[in-house]
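Here's a quick briefing to read alongside the model. Have the sequence and the 3D view open while you go through it.

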Amino acid sequence: MPPNYTLYLVTDSTAPILKGRDLAKIVKDAIDGGVTIVQYRDKTSDTADLIRTAKELHKITKAAGVPLLINDRIDVALAVGTEGVHIGQDDIDIATARKILGPEAIIGVTASSEEEAIAAVKGGANYLGLGTVFATPTKENTKSIIGASGVRDILSRISQLPNSEHVGTVCIGGINAANVQRVLYQSHSPDKSLDGVAVVSAIVGADEPRTAAQHLYDLILRAPAFARAIHQPSSLTATITTDLIIAQVPKIAKALAEKTPLCHNMTNLVVQNIAANVALCVGASPIMSNNGLEAPDLAKLGGALVINMGTVTPEGLSNNLQALRAYNAVGGPVVFDPVGAGATQQRRNGVKTLMAGGYFDLIKGNEMEIKAVAGVSGEQMRGVDSGPGTLSLEEKCAMVRSLAGRERCLALMTGSVDVLSDGRRTVAVMNGHGFLGSITGSGCTLGTTAAAYLAVHKEDTLMAVLAAMLHFEIAAERAAARDEVRGPGTFVPAWLDELHLIKQSSLKGDEEWVREAK
Ligand code: 3NM
Ligand code: MG
């Protein structure tokens, strides 16, 4: 029987995490809470202390039927007779460890790249610890931060190796209750999934290790609410045809007008008024609330959330995170609008914090913003990119597709041509009008519109956002073509009218407007 890796506890020996408490008591509580395997990791104690503590821990784990592994120190594992060891890339090699410990021992190896993982699988490791997922103060000298997508790339690569189904996998680094479900979801590759997660501070550093372990265990076993909420049919075709658009988009617009879902906007002061008006005109019921404390109540109302990073402050970020978690917990769609991402260090940090803190159904931005989110801005762009708007359509499609695939969500890059992808299907929309670029908040209100559509159509989220884009942009074209519209000022009221008229005609089952899709 292979070990159960579901909730893997790695111990710590440092003061900030232990806070003077007894490690054996913490391990006992953690096992009572649901921990399935334990690694004793202690980089500071002398050998005699290591052996003494390991013996004490082994008594506890053995009584609970949970394996105990020793980090690095084969001698300690041998002396105490524990079930195995965990070795890093700079420690003893697997073959030697196996020779010393025998065929029954559990030997785990840390891997942070596909190459390291392949070598460990071929070398006979029983399981891999994949990471570092997120930067963590618990281990400061980590080699590389690979994120959930890095874990997925490794899983996908080793799934092609013979016998890899017998190799367990856990991920490690910054995993906690707020991100564990998103990490499991986003790291999933079709051929191989994680068998569990490894944590240090989320349990050892918790005030109540038992409760913390119980909570984590429940979250791991329960499918994440947002994954349950999104049912992407496996029959989705690879191409979005005009026929498909005409067959589906009017129905989605009608559903929005009928259901008037709540559209919760956490947005900047500049666009609150127009975002609320656009939400009303497309058929949603807007609420403009930047207070994270009321998000759990709002999330229960079945609507969607837009997080617009327009005015980023530390307080705003923590409100955003609270709301993101509330919507993730119930599976409500969340749109991320990383306004000005990449422009300042504050904003780059904001993007990182939010993307590590929860799951977004849609990430939308202009070319510079999407580049920043995709992580190809700054130094790397110099010499390749002289400023905004330099990517060819093909390059845009590739970037958007790869971002969507990496994050397992939808990505939308707006511009004169808008590119939307779910990682498999990528579609470009040519509708819209230049006046949208001359008024404030048009990008933000597209996020609002997309959220409203996502709230009513979870069967195929790409189609929902495509419907939102068409409603939004065809209305802009119709407004700009009106006689009375002579510039951005007269455009805004006409555009609100046209958004409203498309909603009204969709309610009556009219499909004509969709034929203007380009
Ligand atoms: N190994 P926490 S990260 C022990 O990447 C360890 O190999 C890592 O601690 C690796 O759960 C890490 O508190 C520390 O973030 C994980
Ligand atoms: Mg080591």
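What follows is a short tour by topic, from the overall layout down to single residues.

Keep in mind that this is a predicted model. The chain splits into two domains, domain 1 (7-222) and domain 2 (259-470). Beyond that, there are two nonpolar cores to look at, plus a shell of residues around ligand 1.

**Domains and how they meet**
- The centres of domain 1 and domain 2, taken over C-alpha atoms, sit 35 Å apart.
- Where they touch, domain 1 puts in seven residues and domain 2 puts in nine residues.
- On the domain 1 side, helix α8 (residues 180-187) gives the largest share, three residues.
- That side of domain 1 is a mix: three nonpolar residues, three polar and one charged.

**Nonpolar cores**
- The largest nonpolar core has 93 residues, and the members touching the most others in it are L362, A452, Y453 and V465.
- Helix α20 (residues 461-480) supplies the largest share of this core, with 15 residues.
- A separate core of 67 residues lies apart from it, with V167, V180, I203 and A213 among its members.
- As a rule, nonpolar side chains in soluble globular proteins tend to be buried together.

**Y453 and helix α19**
- Leaving aside residues up to four places away in sequence, Y453 touches I252, L256, A464, V465, A467 and A468.
- Helix α19 (residues 442-456) runs for 15 residues and reaches 22 Å from its first C-alpha to its last, close to the 21 Å expected at 1.5 Å a residue.
- Most of α19 is covered, with 14 of its 15 residues buried.

**L57 and helix α3**
- You'll find L57 in helix α3 (residues 47-64).
- Why does L57 count as buried? Because L57 has 22 C-beta neighbours inside 10 Å, and the cut-off for buried is 20 or more.
- Not counting residues up to four places away in sequence, the contacts of L57 are A24, V27, V38, Y40 and L68.
- For a sense of distance, L57 and T449 are 392 residues apart in sequence and 55 Å apart in space, going C-alpha to C-alpha.

**Around ligand 1**
- How many residues surround ligand 1? There are 18, and the closest are G131, T132, T136, T138 and S201.
- By type, the shell around ligand 1 breaks down into six nonpolar, 10 polar and two charged residues.

Definitions and conventions. Residues numbered from 1 in each chain as written. Chains lettered and ligands numbered in written order. Predicted model: local features only at pLDDT ≥ 70, side-chain atom pairs only at ≥ 80, totals over all residues. Core = buried A, V, L, I, M, F, W, Y, C linked by C-beta atoms within 7 Å. Buried ≥ 20, exposed ≤ 12 C-beta atoms within 10 Å, placed from the backbone. Helix = DSSP H or I, 4+ residues; strand = E, 2+ residues; numbered from the N terminus. Contact = placed C-beta atoms within 7 Å. Near = placed C-beta within 6 Å. Nonpolar A, V, L, I, M, F, W, Y, C, P; charged D, E, K, R; others polar. Domains from an automatic or database assignment. Expected span 1.5 Å × (residues − 1).
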